[in-house]
Amino acid sequence: MADTVSVTQLKPCPNPWCEQSDPVVGERRDVWRAKRPLRVQCQCGMAGPDADTEAGAITAWNTRASTQPAPAFPREEVAAEVRALRDALLWYRDNAAMCRKIGSIGEPARKALDADGGKRADEVMDNSPVLAALLQGKQP
Ligand SMILES: [Zn+2]
């Protein structure tokens, strides 16, 4: 790439196998137009998107999709949500078991389940970002 200018505000080359990381702005030579687009290119062959101006090429090079995975939830947060989900399940298990008892023995559990109407489950699930991330296929 001739007609290049070294630019200090460029991010390093994103190629993990690049040993030199020496990106520069230059004309794209393989395009047959009167005014060739500019782009940032590294010695290793990694190149940024085309742009009409040097500033545009630099911005395009420096604006990248993140290659880092989303930060994981803190372990304590995951544990707290698992405990809350487990507690809700235990409450439903215990009341479901007791509501089947005949007469006054099962009455408190039947009333508790009737009064709850699923609110306990909704509340725990609505306040569970870890569960929401898992349901969206993300790693918690
Ligand atoms: Zn490189």
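Helix H2, which spans residues 75-99, packs against helix H3, residues 107-116, with the two axes 7 Å apart and an angle of about 130° between them. That's in a predicted model, so keep in mind that everything here is computed. At that angle, H2 and H3 are oblique to each other, because an angle has to be over 145 degrees to count as roughly antiparallel and 65 to 115 to count as roughly perpendicular. The crossing of H2 past H3 is left-handed. If you want to find the spot where they meet, look on H2 for Asn-95, Met-98 and Cys-99, and on H3 for Ala-109, Arg-110, Ala-112 and Leu-113. Sorted by character, the residues of this contact come to 5 nonpolar, 1 polar and 1 charged.

Let's zoom in on one of those residues, Asn-95, which sits in helix H2. Is Asn-95 buried or exposed? Neither label quite fits: there are 19 C-beta neighbours inside 10 Å, so Asn-95 counts as partly exposed. The cut-off for buried is 20 or more. Setting aside the neighbours within four places in sequence, Asn-95 is in contact with Ala-109, Ala-112 and Leu-113. You can also check the spacing to Arg-110: from C-alpha to C-alpha, Asn-95 and Arg-110 are 7.3 Å apart, with their positions 15 residues apart in sequence.

H2 has another packing partner, helix H4, made of residues 119-126. Here the axes come within 10 Å and cross at roughly 170°. Why are H2 and H4 described as roughly antiparallel? Angles over 145 degrees earn that description, and therefore H2 and H4 are roughly antiparallel to each other. From H2, the contact is made by Ala-84, Leu-85, Ala-88 and Trp-91, and from H4 by Arg-120, Ala-121 and Val-124. This time the residues divide into 6 nonpolar, no polar and 1 charged.

Now turn to helix H1, residues 54-62. Which residues of H1 are buried? They are Ala-57, Ile-58 and Trp-61. These residues cover an arc of only 100° around the axis, so they lie on the same side of H1. As for what covers the buried residues of H1, strand E2 (24-27) and strand E3 (38-41) are included.

Just before that helix comes Ala-51, placed in the loop between E3 and H1. Ala-51 has 19 C-beta neighbours inside 10 Å, and so counts as partly exposed. Not counting residues up to four places away in sequence, Ala-51 touches Pro-37, Leu-38 and Arg-39, along with Gly-56, Ala-57 and Ala-60. One of these, Ala-57, is also among the buried residues of H1. Another of the buried residues, Trp-61, lies 10 residues from Ala-51 in sequence and 9.9 Å away in space, C-alpha to C-alpha.

Time to step back and take in the whole chain. How many helices and strands are there? The secondary structure comes to 5 helices and 3 strands. Starting from the N terminus, the elements run β-β-β-α-α-α-α-α. The chain has 140 residues, and buried ones make up 10% of them. Finally, take the contacts in the chain with a separation of 6 or more: residues 24 or more positions apart account for 39% of these.

Technical notes: Residues numbered from 1 in each chain as written. Predicted model: local features only at pLDDT ≥ 70, side-chain atom pairs only at ≥ 80, totals over all residues. Axes fitted to C-alpha atoms, helices over the stretch in contact; angles between N-to-C directions. Helix = DSSP H or I, 4+ residues; strand = E, 2+ residues; numbered from the N terminus. Parallel < 35°, antiparallel > 145°, perpendicular 65-115°, else oblique. Left-handed = near helix turned anticlockwise from the far one by under 90°. Contact = placed C-beta atoms within 7 Å. Nonpolar A, V, L, I, M, F, W, Y, C, P; charged D, E, K, R; others polar. Buried ≥ 20, exposed ≤ 12 C-beta atoms within 10 Å, placed from the backbone. Arc of directions from axis to C-beta.
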